[in-house]
Amino acid sequence: MDEHQRLRRLILGEQLADWETHAVRMAALEAARSALPEELPLLLQQSQLGDGRRKLSQALVLPLTDALGRAAQEQRQGVVDALFPVIGPAIRKAIAESLRDFTEGFNRALESSFTPRGLRWRLESWRTGIPYVQVVLRHNLRFRLDHLFLIDRASGLVLARQSAADLPDLDADAIAGMLTAIGDFVRDSVGGGSEENTGTLDSVSVGEHLVWVEHGPRASFAVFLRGVAPAALRLILRQRLEQAHAWLSDPLRGASAGVPDAGTDPQLQETLGLQRLELAAAADSAARDGAPVRRWPLLLIGAVLLALLGAWFWRDWQWQRRVDAVAQRLADWPGLHVEELSSEHGQLLLRGLIDADASSPRTAMAELLPDDVDIRTDLRGYLSSDDAIVQRRAQRQLQPPEGVHLAVRQGVLHLRGEAAADVLARLRQQAGWVAGVARVDASGLGESNDAQAPLRAEWEGLLQQLARQHVYFVREVELADAAAAAALQANALRLVELGRLLQRPVAFTCHGHNDEPGTATINQRLRESRARWLCDRLAAAGIDPASLQVGRTEATPAQPMIQYRAASLSLDGAHQGEME
């Protein structure tokens with residue numbers, strides 16, 4: 001230490017020590033300030049522990065608020081640019097959600113036009129005279145009362161309040177002060193402050209709420225509502241405000257400083273109930289909207305429905321009556337077993353079994369049903385044991401001659417009449433072969449002794465013989481066998497003679513035929529010429545030309561082993577024959 005330093009220490013003494021101490025402290029602070037950026041995140045993390053988080057939040061509220069306010073004032077565009085990416089999508093999303101909810105509700109209402117609810121709304125529109133769209137809006141755009149305040153006009157104090165059960169209570173004093181201040185502003189700025197020209201605040205928007213204010217001499221209503229409130233709510237609020245004034249004017253009510261204690265009064269609380277106000281407004285709106293209720297549409301609709309119902313019952317009764325008649329007719333139909341008879345308007349289906357000898361029931365069914373009914377049948381074959389069907393079957397299989405009659409009763413085949421001996425033998429032999437015949441009663445048969453019996457037997461024999469005779473040609477009308485043509489001619493002449501004796505007139509039809517070769521025109525001409533040749537040949541033999549005619553000329557295939565087929569002769573067994 002030199003002399004100069006010793007002199008300083010002697011003169012300054014303790015001050016020099018203090019200066020050195022301060023220098024050390026300043027160096028330490030400078031080091032701490034330099035290390036603060038690295039330690040600050042750790043300090044902020046430590047401040048979130050325990051009660052430090054609340055203290056830190058309280059400490060930062062005012063600085064951050066002042067900083068944001070000053071930034072919004074001095075650098076507004078910068079704040080807008082910074083918040084635009086966040087606020088813009090949020091606003092668009094909120095608007096889109098609101099529009100989507102409204103559109104979905106409205107679309108559901110319009111799409112439900114033909115649902116029970118939509119039809120009920122259309123009936124309401126027709127009955128009241130209100131357009132259907134307005135009825136839909138009225139039922140879908142609901143309103144809700146969230147808060148109601150009864151505010152003293154003189155002091156601005158809240159006398160009574162009501163809030164929805166699911167909503168938190170609002171600061172009543174702040175609400176009252178806000179409305180009072182806004183009302184005074186409106187009265188002073190718009191009304192000019194004069195008693196004659198006083199302006200009042202009737203409604204104001206606060207966030208998502210619409211605030212309706214109803215003024216009275218001593219108190220006012222402030223109602224916070226959402227949605228589309230009906231006009232009838234104004235009148236309901238005025239009536240409730242008059243009841244509240246009656247309560248305020250009651251001298252028996254307790255009062256403090258000139259203001260009654262309304263917060264606990266049950267009668268006033270019931271008068272101001274939000275749910276009662278909503279129900280009263282909805283009922284009054286339904287009764288007052290549109291034109292007076294018209295009852296004639298309901299009567300007209302009822303009459304139309306009754307008429308339609310009566311027509312439907314009448315039509316169903318008529319249809320069922322027809323179906324029952326068909327069922328009764330088919331139940332007695334011989335040879336038919338009905339398994340199912342299903343019916344719908346315009347269609348009838350019959351399922352069952354039917355005998356081959358039974359008549360088709362379609363004609364009888366069609367006679368009992370309208371012309372436009374679609375009749376369908378699903379019938380399967382079976383052997384019926386009905387007497388009528390067994391009799392038809394026996395008639396078809398036995399082919400009894402004239403003078404012999406058949407009858408079937410309870411499965412017994414009764415034969416009555418006279419016939420030749422050989423015919424009687426055939427009938428007795430074949431009668432028991434008929435399906436459904438349990439026993440044959442031939443006691444009524446007798447052998448005929450008339451002179452015409454041999455003639456009838458010869459008649460039957462000629463019929464069978466003519467059915468087997470044919471005339472053939474080599475070409476055109478050149479005969480292949482003249483003897484065959486002569487034999488056919490002789491049999492035809494004998495048949496005509498027997499017809500005179502038995503009083504059975506005979507008529508012949510000549511048909512020409514040819515084989516496949518040749519064109520259609522040539523073949524048709526050939527068939528006509530052969531049929532005409534045969535008729536001419538029979539007429540030349542002595543048969544009355546009036547009983548001869550040229551028949552059909554359709555082509556038919558040739559018989560096996562026969563090159564050219566001309567014709568054959570056959571009779572029906574009674575009065576008419578066909579020459580082919």
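**Reading backbone and side-chain features, starting at Q399**

Analyst: Let's open with Q399: it is exposed, with a relative accessible area of 60%. Keep in mind that this is a predicted model.

User: Why does Q399 count as exposed?

Analyst: The label depends on a cut-off: exposed means over 50% relative accessible area. Q399 has 60%, so it gets that label.

User: And where does Q399 sit along the chain?

Analyst: Q399 belongs to the loop that runs between α13 (387-398) and β11 (404-409).

User: How do I read the phi of Q399?

Analyst: Start with the general idea: most residues other than glycine have a negative phi. Here, Q399 is not a glycine, yet its phi is positive, about 45 degrees.

User: Which residue just after α16 takes a positive phi?

Analyst: That's Q503, with a phi of about 60 degrees. Q503 isn't a glycine either. Its loop lies between α16 (482-501) and β17 (508-510). At 70% relative accessibility, Q503 counts as exposed.

User: Since we're at α16, how do I check its span?

Analyst: The yardstick is 1.5 Å times one less than the number of residues. α16 has 20 residues, so 28 Å is expected, and its 29 Å from first C-alpha to last is close to that.

User: What caps the N-terminal end of α16?

Analyst: D481 does, through a side-chain oxygen 3.2 Å from the backbone nitrogen of A483.

User: Which residues of α16 are buried?

Analyst: Buried means under 20% relative accessible area. In α16 that list includes A485, L488, Q489, N491 and A492. L495, V496, L498 and G499 are on it too.

User: What about values between the two cut-offs, say for A71?

Analyst: Those are called partly exposed. A71, in helix α3 (residues 52-74), has 25% relative accessibility, so it counts as partly exposed. Leaving out residues up to four places away in sequence, A71 touches R76 and V79.

User: How many disulfides does the structure hold?

Analyst: It holds 1. Look at the sulfur atoms of C510 and C535, which are 2.3 Å apart. The pair links distant parts of the chain, with C510 in strand β17 and C535 in helix α17 (residues 520-540), 25 residues apart.

User: Is the link of C510 and C535 right-handed or left-handed?

Analyst: It's right-handed, with 125 degrees about the S-S bond.

User: Are C510 and C535 buried or exposed?

Analyst: Both are buried.

Technical notes
Residues numbered from 1 in each chain as written. Predicted model: local features only at pLDDT ≥ 70, side-chain atom pairs only at ≥ 80, totals over all residues. Heavy atoms only, no water. Helix = DSSP H or I, 4+ residues; strand = E, 2+ residues; numbered from the N terminus. Buried < 20%, exposed > 50% of the residue type's maximum accessible area, 1.4 Å probe, protein only. Polar contact = N/O pair within 3.5 Å; in protein donor to acceptor, adjacent residues only side chain to side chain. Contact = heavy atoms within 4.5 Å. Disulfide = S-S within 2.5 Å.
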